[in-house]
Amino acid sequence: MTPWDPEVLGRIRHLQLVSKRVVDSLLQGAHRSLRLGSAVEFADYQEYSPGDPIRHLDWKALARTDRLVVKRFEAETELACNLVVDVSGDMGTGHEVMGSRPPIDGTKFGFAICLAATLAAYLQRHGEPVGLSILGGDVPVRIPARPGKSHLAQIHRRLAEVRPGGVAELGARLAEIAPGMRRRSLVVVI
């Protein structure tokens, strides 16, 4: 396969369009953290109580109101998501030509890679790091979780290139993947 294989480029474009259409219909606004902590985004004031850190006291508010108040900030949360996609040989069943890529529309394989592409686009749009592991297929793929549009393009390219084949060996492969993941992360198995 050449890096500019027209079939793969067409599949990448199709995945990008499908995922963009679904993600745009899901987004209603940026999500905000419900947790409070120390960060840049100011949340509100809270009445000072003994035991609160003195460094968070707002001295200007004390001068204006003659009350001790503590500044509270929104904590920035980031949850890495690792998409694990099974593209073993049984995902290509029902397709006439073995060894070729099944169509994206109307097949079990196509549904799996479209779902993975859509989840990756959705999470990237929210600024979350996304990783991809492809189990089975012609070549195993492991892309660590990172944020960014160029990273999303790499995920879409790998999803468009893959052919179903081999055996997924889900338990053994998840045991291999787990040590390389962040401590706090989400794993979605498709």
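Glu161 and Arg158 sit together in helix α4, 3 residues apart, or about one turn of the helix. They form a salt bridge, with the closest N and O atoms 3.4 Å apart. The model is predicted, and local features are taken where pLDDT is at least 70. The two partners differ in cover. Glu161 counts as buried because its relative accessibility is 13%, under the 20% cut-off. Arg158 is partly exposed, with a relative accessible area of 25%. The pair also belongs to a wider group: Arg157, Arg158 and Glu161 are linked in a network of salt bridges.

Helix α4 itself covers residues 149-161. Does its length agree or disagree with its residue count? The helix has 13 residues, and at 1.5 Å a residue these should span 18 Å. The expected span is 1.5 Å times one less than the number of residues, so the first residue adds no step of its own. The end C-alpha atoms are 18 Å apart, which agrees. Several residues of α4 are buried, and Glu161 is one of them. The others are His151, Leu152, Ile155, His156, Leu159 and Ala160.

A second helix shows a pair with the spacing described for α4. Arg173 and Glu176 both lie in α5, residues 170-177. They too are 3 residues apart, about one turn of the helix. Their salt bridge brings the closest N and O atoms to 3.5 Å. Here the arginine is the covered partner. Arg173 counts as buried because its relative accessibility is 16%. Glu176 counts as exposed, at 56%.

How many salt bridges does a search of the whole structure find? The total is 4. One of them joins Glu47 to Arg67, with the closest N and O atoms 3.2 Å apart. This pair links distant parts of the chain, its members being 20 residues apart. Glu47 lies in strand β1, residues 36-47, and Arg67 in the loop between α2 and β2. Both ends are partly exposed: Glu47 has a relative accessible area of 45%, and Arg67 is at 43%.

The loop that holds Arg67 also holds Leu68, between α2 (59-65) and β2 (69-74). Leu68 counts as partly exposed, because its relative accessibility is 34% and the buried class ends at 20%. Leu68 contributes to a nonpolar patch on the surface, together with Ile54 and Trp59. The three have about 320 Å² of accessible area together.

Now turn from the surface to the strands. Strand β3, residues 80-87, is mostly covered: 7 of its 8 residues are buried. It pairs with two strands. With β4 it shares 7 bridges, and the two run parallel. Val85 stands opposite Ile134 of β4. With β6, residues 185-189, strand β3 shares 5 bridges, again in parallel. There Cys81 has Leu186 as its bridge partner. In a regular strand the side chains alternate between the two faces of the sheet.

Ser133 gives a view from within β4, residues 130-136. Is this serine buried or exposed? Ser133 is buried, because its relative accessible area is 1%, under the 20% limit. What does Ser133 touch, leaving out residues up to four places away in sequence? Its contacts are Leu83, Val84, Val85, Val141, Arg142 and Ile177. Val85, the residue that stands opposite Ile134, is among them.

Finally, step back to the whole protein. Its secondary structure comes to 5 helices and 6 strands. From the N terminus on, the elements run α-β-α-β-β-α-β-β-α-α-β. Buried residues make up 39% of the 190 residues. Long-range contacts are prominent in the count: among contacts with a separation of 6 or more, 74% come from residues 24 or more positions apart. The accessible surface comes to about 11,300 Å², and carbon and sulfur atoms account for 58% of that area.

Notes:
Residues are numbered from 1 along each chain as its sequence is written. This is a predicted model: local features need pLDDT of at least 70, side-chain atom pairs count only at pLDDT 80 or more; totals for chains, interfaces and linings use all residues. Side-chain values use heavy atoms; hydrogens and water are left out. Patches are made of residues with over 30% relative accessible area and no salt bridge: like charges are joined within 9 Å, nonpolar side chains (Val, Leu, Ile, Met, Phe, Trp, Tyr) within 5 Å. Accessible areas come from the Shrake-Rupley method with a 1.4 Å probe; for residues, only the protein chains shown count as cover. A salt bridge is a side-chain nitrogen of Lys or Arg within 4 Å of a carboxyl oxygen of Asp or Glu. Helices (H or I, at least four residues) and strands (E, at least two) are DSSP runs, numbered from the N terminus. Buried means under 20% relative accessible area, exposed over 50%, partly exposed in between (1.4 Å probe, protein chains only). Contact means heavy atoms within 4.5 Å. Two strands pair if DSSP finds at least two bridges between them.
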